[in-house]
Amino acid sequence: HEFYAISATVGARFECAIMNHLGLSVTPEYMVPIIKSDDYKAVSAISTYFKDFTEGFNLRAGIYFYF
């Protein structure tokens, strides 16, 4: 059995330096499923836990230090 899914991700990263060596970043992304195996389709129809990894909105936020 094969269990896989391939998605394309569309997003943009926004960064802001708030001090000399400190910054914040936010990356909103949207994932669009491209290919899903039959096993993946069967499992994701039952549980949205798997579906969330390959489809929908995602937001990443971070703090970074640079020198």
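Start with the whole chain: of the 67 residues of the protein, 16% count as buried, where buried means under 20% relative accessible area, exposed means over 50%, and partly exposed is in between, using a 1.4 Å probe and protein chains only.

Before you click further, know that this is a predicted model, in which local features need pLDDT of at least 70, side-chain atom pairs count only at pLDDT 80 or more, and totals for chains, interfaces and linings use all residues. Residues are numbered from 1 along each chain as its sequence is written, and side-chain values use heavy atoms, with hydrogens and water left out.

**Stop 1: the whole fold**

Switch to cartoon view and you'll find two helices and four strands. Going from the N terminus, the order is β-β-β-α-α-β. The radius of gyration is 17 Å, well over the 11 Å that the globule rule gives for 67 residues, so the protein is more spread out than a compact globule. That radius is taken over C-alpha atoms, and the rule is 2.2 Å times the number of residues to the power 0.38. As for the elements, helices (H or I, at least four residues) and strands (E, at least two) are DSSP runs, numbered from the N terminus.

Now show just the C-alpha atoms: they fill a box of roughly 50 × 20 × 15 Å along the principal axes.

**Stop 2: strands β3 and β4**

Select residues 22-36, which make up strand β3, and add β4: ten bridges join the two, and they run antiparallel. Two strands pair if DSSP finds at least two bridges between them. Pick out L24 and look across to β4, where I63 stands opposite.

How much of strand β4 is buried? Of its ten residues (56-65), the number buried is one, so β4 lies largely in the open.

**Stop 3: S25**

Stay in strand β3 and click S25. Is S25 buried or exposed? S25 is buried, with a relative accessible area of 9%. Leaving aside residues up to four places away in sequence, S25 touches R13, F14, E15, R60, A61, G62 and Y64. A contact here means heavy atoms within 4.5 Å.

**Stop 4: M19**

Next, select M19 in strand β2 (residues 14-19). M19 counts as exposed, at 56% relative accessibility. Then add F65 to your selection: M19 and F65 are 46 residues apart in sequence, and their C-alpha atoms are 9.6 Å apart in space.
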